[in-house]
Amino acid sequence: DFSVKHCKIGRNYEGDDAMHVAYATGVIEYNEFNHARSDALDIDISKVSVNHNGFYNSGNDALDIMTTQLTAHHNIYSHSGDKGLSVGECSQAFIAQSVFKNNHIALEVKDQSVVTANELILENSQYKAINLYLKNKRYSKGGVLTAHKIAINGNKRVTVDQSSVL
């Protein structure tokens with residue numbers, strides 16, 4: 001079990017991720033992730049709450065989860081080189097009251113992952129606002145997204161492949 005609160009994380013010069021969590025249960029709150037070399041926060045095979053954080057200028061993904069149970073609310077995902085939030089490999093996530101601004105792709109759900117999203121703002125995505133698909137052939141389905149009160153401003157491109165559900 002762990003807790004990370006009120007920290008400034010970023011500008012890593014070694015390794016891919018500014019912060020990597022694996023096989024853990026914990027809370028990450030009130031932090032600022034800025035200028036990560038690749039992913040700002042990468043969470044694998046864990047159960048984590050990520051709340052009231054700012055993710056800015058990540059080289060790759062702001063938040064990347066794999067085989068994880070995530071609860072995330074009141075976060076800002078801004079200017080990521082790839083995804084604001086990437087949910088994959090059989091993860092389950094509840095995301096609420098967050099803003100995605102100027103990311104390459106705001107939200108991506110793939111590989112049998114299930115996301116419930118409520119009260120999100122997706123602004124000015126460079127490539128896509130939302131992307132659901134099957135990436136890894138080890139999984140039988142793509143991504144599932146149930147969304148309530150989602151505002152998409154600027155680029156409204158949403159893609160859903162035949163193995164995914166929106």
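The exercises below walk through a predicted model of one chain, each with a worked solution. The model is predicted, so local features are reported only at pLDDT of at least 70 and side-chain atom pairs only at pLDDT 80 or more, whereas totals for chains, interfaces and linings use all residues. Residues are numbered from 1 along each chain as its sequence is written, and side-chain values use heavy atoms, with hydrogens and water left out.

**Exercise 1. Overall form**

Task: State how many helices and strands the chain has, and whether its radius of gyration agrees with that of a compact globule.

Solution.
- Step 1. The chain has zero helices and 18 strands. Helices (H or I, at least four residues) and strands (E, at least two) are DSSP runs, numbered from the N terminus.
- Step 2. The radius of gyration is taken over C-alpha atoms, and the globule rule is 2.2 Å times the number of residues to the power 0.38. For 166 residues a compact globule would come near 15 Å; the chain has 14 Å, which agrees.
- Step 3. The C-alpha trace spans about 40 × 35 × 30 Å along its principal axes.
- Step 4. Buried means under 20% relative accessible area, exposed over 50%, and partly exposed in between (1.4 Å probe, protein chains only). Of the 166 residues, 49% count as buried.

**Exercise 2. The seven-stranded sheet**

Task: Give the strand order of the open sheet of seven strands and find its edge strands.

Solution.
- Step 1. The order is β3-β6-β9-β12-β14-β16-β18, with parallel pairing. Two strands pair if DSSP finds at least two bridges between them.
- Step 2. At the edges lie β3 (19-22) and β18 (158-160), each of which pairs on one side only.
- Step 3. On average, neighbouring strands of this sheet are turned by 5 degrees against each other, direction ignored. Such angles run from 0 to 180 degrees between N-to-C directions, and the axes are lines fitted to C-alpha atoms, for helices over the stretch in contact.
- Step 4. Between β3 and β6 (residues 41-44), which run parallel, there are four bridges. Alanine 22 stands opposite aspartate 44 in β6.

**Exercise 3. Other strand pairs**

Task: Trace the pairing from β1 to β7 and from β13 to β17.

Solution.
- Step 1. β1 (residues 2-5) runs parallel to β4 (residues 25-29), joined by four bridges. Phenylalanine 2 has glycine 26 in β4 as its bridge partner.
- Step 2. β4 pairs in the parallel sense with β7 (residues 47-51) over five bridges. Here threonine 25 is matched with lysine 47 in β7 as its bridge partner.
- Step 3. Nine bridges link β13 and β15 (residues 114-123) in the parallel sense, and lysine 101 stands opposite glutamate 123 in β15.
- Step 4. β15 also pairs with β17 in the parallel sense, over nine bridges. Leucine 120 is placed opposite isoleucine 150 in β17.

**Exercise 4. Salt bridges**

Task: Which salt bridges does lysine 83 make, and is this residue buried or exposed?

Solution.
- Step 1. Side chains of opposite charge can pair when their charged atoms come close. A salt bridge is a side-chain nitrogen of Lys or Arg within 4 Å of a carboxyl oxygen of Asp or Glu. The whole structure holds seven salt bridges.
- Step 2. Lysine 83 meets aspartate 61 at 3.8 Å, N to O. This pair links distant parts of the chain, 22 residues apart: aspartate 61 lies in the loop between β8 (54-56) and β9 (63-66), and lysine 83 in strand β12 (residues 83-88).
- Step 3. Lysine 83 also meets aspartate 82 in a salt bridge, at 2.8 Å, N to O.
- Step 4. Lysine 83 counts as buried because its relative accessibility is 9%. Aspartate 61 is buried too.

**Exercise 5. Two histidines**

Task: Locate histidine 6 and histidine 35, and compare their exposure classes.

Solution.
- Step 1. Histidine 6 sits in the loop between β1 and β2 (8-10). Its phi is positive, about 55 degrees, although histidine 6 is not a glycine.
- Step 2. Histidine 35 is in the loop between β5 (32-34) and β6. It has a positive phi of about 60 degrees, although it is not a glycine.
- Step 3. Histidine 6 has 64% relative accessibility and therefore counts as exposed. Histidine 35 has 32%, so this residue counts as partly exposed.
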